[in-house]
Amino acid sequence: MANNINPKTPSRFRSRSDAKTPLTPSLISSFNAVSLGSPQKRGVAFPFHPADLSNPFLSRSRPASPVKRTTAGVAGSGASSSNVGVIRKGGVESRLDVVAHDYHPPPRPELKRSRSTPSTRERTLSSHSSTTHPDRFITSREDVALPSSLSSGATSATAMSATSSPGHTARLASATGVPLNKRVLAYHEPPPASSSSTFLTAQRAIARPLYARDALPSSNGTASSKTRRVPTTPERVLDAPGMVDDFYLNLVTWSALNVVGVALGESTYLWAAETGVVSHLGDAPGDTYVASVDFSGDGAYLGVGLGTGAIELWDVAAAQKLRTMAPSSDVTSAGQVASLSWFNHVLTSGHSNGTIMHHDVRVPRHLVATLHGHTGEVCGLRWSAGGEVLASGGNDNVVNLWDGRGGDVGGGNARGTPKWTKRNHTAAVKALAFSPWSPLLASGGGTSDTCIHIWNMNTGARLHTYHTGAQVTGVHWSLDRKELVSTHGFPGNGVVGWGYPPASSSSSGLSGSGSSATMSATSAPRGVGTAGTTPMPSPKLFEIRDAHDSRVLFSALSPNGEVLVTGAGDENLKFWRIWETKDSKSGKKKANGGKKEEGSGARGILGIR
């Protein structure tokens, strides 16, 4: 047949006369001498190693099989090639040894491994169990990308998902609350959107600059990422029990003789910075209270404004009251004296009814002029160094600049008119300060304004604006640096230093030619810029956050311009070293051969002990 690969010759065509090879004794002995040992080269003896016992083909002679039997049937392995012939009984073929079982090599010693590494047998079994192919030499392509420890789980999960019902899966997801297309373990959902209230949005915009830290400029206003190191802890803290928490009052002042005056309720106290001695100056009469205090230019006299509208004049050295000046026969008509300011022998007072009065302390009839320019309480009052300009700020959100050269002989009923009136603030203006090295005026607004405006005294133009983000309660210029410091109430309760002028670009700077000049890009709140302009660094040099536990309402600068004293409703007075003058720096280097001098000698009379 065509399908037979090795067709057998029919027996009828065989030749019965085929001669068989006789088995002679020599042939039989030759078969018996056959050995399965490995061949060796002539003259070369291979060394015998015990490890060669594991390979039967490298042994010298095949060891005897444990189970032997005499073959009596048809040979199993050579039938496909010959398929003919029968082993004769008693022939040489029947004497060959036949192995009945497979060969098993001896076990190998297990290698040392760590506890986290599985054994070879475990890895082999895991890989065999993860594959779906019956042949162990054909690997699964799907399992190559997965670790062996995860391949079995992934295969079973795939099989389950493929055979599970979509409806059953949906019911399980609904019952367990697990979404189908999302991870079980994931991050929380984002917080809900903030309220759409415009009031809250405006308050957040005001408070945002307090919690932002940008690159700060240097002291000369140039762009820089470096800040000046200012101690964030006060040099000295004084207890001030009874200090009134009122934004419109002015209860702290510092004289040229290095004496701090503070009003606590109805009493007035003096603290000598050089000696650290506290003295009680006097008390307000009756049931009234002290609303404002201010030293004269030479520090010899102290003006004390009362809640009744009267003003007391005290001799500091003698601790004696010299006189009491009332604005009129009816002392309650003008209201409390919320602010005081000296220029030579003239003491100017601001009252709660909006009037400003000039008092000449040398003459019996002290009232020499009355100015009417405010409709609200005058809570800020400051004379310039030369007496040319008087600045006043009130609760009516107005800043007035008065000409101080108009003469003081107009009589008690003289009515003045301000030289300039500025209405850029949107809250009460209490903080006022004149620059000692330039004709500039700084004014700060209250809670709903939070701005510091810089004005040119000669032209009345607004030059720059600082957005502080907090209620401005005080502002002070440095004596020998182009810097200013401001104190704040809600929400920061801090002390902040600013560089002047703020960094500005040519495309968005102020023209400085009028009060209607626009604000520069650097004066805008941080995070808010104008279209087409690059955000500039903040002019903020340093910031002492939470300087007090409550609003920092009162502040005064030391005569040498180095230390700032602040008072608050937490009934504490704190002294902060803000600036260090050039003279004190050179004095410290020269003292003691270049070594820093300790004690109060390096600071002189202006030092704090």
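UniProt positions are given here in the numbering used for this structure, feature names are shortened, and annotations may be inferred rather than shown by experiment. With that in mind, I looked up "repeat: WD" and found that the UniProt record, an unreviewed entry, lists residues 290-324, 371-403 and 545-586.

I noted that this is a predicted model, in which local features need pLDDT of at least 70 and side-chain atom pairs count only at pLDDT 80 or more, while totals for chains, interfaces and linings use all residues. Residues are numbered from 1 along each chain as its sequence is written, and side-chain values use heavy atoms, with hydrogens and water left out.

I then turned to the whole chain, where I found six helices and 29 strands, these being DSSP runs numbered from the N terminus (helices H or I, at least four residues; strands E, at least two). Of the 609 residues in the protein chain, 39% are buried, a term that stands for under 20% relative accessible area, with exposed over 50% and partly exposed in between (1.4 Å probe, protein chains only).

Next I went back to two of the listed repeats. Residues 290-324 are 63% strand and 0% helix, with end C-alpha atoms 13 Å apart, and residues 371-403 are 58% strand and 0% helix, with end C-alpha atoms 11 Å apart.

Last, I looked up Ser333, which sits in the loop between β9 (320-325) and β10 (337-343). Ser333 counts as partly exposed because its relative accessibility is 42%. I also noted that the C-alpha atom of Ser333 is 9.5 Å from that of Ser352, which is 19 residues away along the chain.
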